[in-house]
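Trainee: I'm new to this structure and would like a close look at a single part. Could you then connect that part to its surroundings for me?

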Amino acid sequence: MKTFVYIDHFKGQVQPASWEALGLAKSFGSATAVLFGTGLDPLVKAAFEFGADEALIADDPALTDYRAEPFASTLSALASSGTPDLILLPTTTRTREMAAMAAVDLNTGVLVDLTGLSLEGNQLIATRPIYEGKLNEKIVCSGKPVIATLRGRAFPRPAQDESRSGTATKVEAKTESPTTVEGYEVAEAAVSVSDAGVVVSGGRGASNNPSLTPPAGMDEKDAEIWRAQEGFKLIGELASVLGGAVGASRAAVDAGYIPYAHQVGQTGKVVAPDLYIACGISGAIQHIVGIRSAKLVVAINKDAEAPIFKVSRYGVVGDLFVCVPALTAAFKKKLGK
């Protein structure tokens, strides 16, 4: 089976699920990495090291910043001439849009946010979560090529072999587009919650520390945010000791405690860490949807009836302002930090 794998990247940083997609592609046959942008040589080298047999490179100034139209058109043109059986992309906001537009051009369908993909005879069988993650469904795509986006950390990441190389081919970029990029702001966590093996998240409970006295002159709302930010400092310290990322519930983000880049849940980032620690998060269904793929969930909440405990392997009924510093100290000692 011939598979194209789109390597999604931003500012030279590759979305790790791109490498997972390469590993999956190799399990089916040959893997061709597809890269768009400028200054791509280091990424092409990495693609070969992670298993690509060849690389198609559209290196053009018009592709420096992502725009759906030229990216989708370039991918469609490559697929039309290269006739792959399968096109894999990591699931991101960019690739969802790009895959859908390319599917229209190619008169095929898109299988989105897959957690499983297998080849049975000549048929690709995909698995994806439905009903807010309560069930998994098996689906197929009758069109060709099959286009699929893969959920991050749902597939094994191949080992990197620095001795590997392959054939790199420059291809034409389709640059015509009705849109231009006037500018943008980047608001990302130091460690992305989407890629982290450990995520420590906070909710509205991060503001509930009555022992903290805010600076004089603050109104009630500013004092609440100040308390929450102090609470998230504790959460951040625990995440740092564990080499993980800081997450947050939608309620915490909406209240202004922490930027949206940290939001975990149905309207934020869907995560699949090895360990997820929820601190002061009640467990609304939108948040639960975002953490269903976590391998181990630990919850800390003062409310013994909080819904978060229903999806947790371990639960601590207690004050996060007591429990989180105690965990941080214990892990520092255990890990020798």
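Trainee: What is the relative accessible area of arginine 153?

Mentor: Happy to help! This is a predicted model, in which local features need pLDDT of at least 70 and side-chain atom pairs count only at pLDDT 80 or more, while totals for chains, interfaces and linings use all residues. Residues are numbered from 1 along each chain as its sequence is written, and side-chain values use heavy atoms, leaving out hydrogens and water.

Arginine 153 has a relative accessible area of 24%, which makes it partly exposed. With a 1.4 Å probe and protein chains only, buried means under 20%, exposed means over 50%, and partly exposed lies in between. The residue sits in the loop between β11 and β12 (167–170). Its phi is near 65°, a positive value in a residue that is not glycine. The element names come from DSSP runs, numbered from the N terminus: helices are H or I with at least four residues, and strands are E with at least two.

Threonine 83 makes a good companion to look at. Its phi is near 45°, again a positive value outside glycine, and it lies in the loop between α3 (68–82) and β6 (86–90). Threonine 83 is exposed, at 55% relative accessible area. Another backbone feature appears in the loop between β10 (135–139) and β11 (146–150), where proline 145 is found. The peptide bond from lysine 144 to proline 145 is cis, with omega near -5°.

From β6 we can step over to strand β1 (residues 2–6). Three bridges join β1 to β6, and the two run parallel; two strands pair if DSSP finds at least two bridges between them. Across this pairing, phenylalanine 4 stands opposite isoleucine 87. β1 also pairs in the parallel sense with β4 (residues 30–37), over five bridges, and there threonine 3 has alanine 31 as its bridge partner. Four of the five residues of β1 are buried, so this strand is largely enclosed by the rest of the structure.

Further along the chain comes an open sheet of five strands, in the order β14-β13-β15-β16-β17, with parallel pairing. Its edge strands, β14 (245–248) and β17 (314–317), each pair on one side only. Neighbouring strands here are turned by 15° against each other on average, direction ignored. Inside the sheet, four bridges join β15 (residues 275–279) to β16 (residues 297–301), and alanine 278 is partnered with alanine 299.

Two helices lie across these strands. Helix α5 (residues 220–241) crosses β13 (198–202), β14 and β15, at about 140° to β14. Helix α8 (residues 320–335) lies across β15, β16 and β17, at about 135° to β16. Axes are lines fitted to C-alpha atoms, for helices over the stretch in contact, with angles from 0 to 180 degrees between N-to-C directions; contact means heavy atoms within 4.5 Å.

Finally, the cysteines. Cysteine 279 counts as buried, at 0% relative accessibility. Its closest cysteine sulfur, in cysteine 323, is 8.8 Å away, too far for a bond. A disulfide is taken as a pair of cysteine sulfur atoms within 2.5 Å, and by this rule the count is zero. Cysteine 141 is buried too, at 10% relative accessible area.
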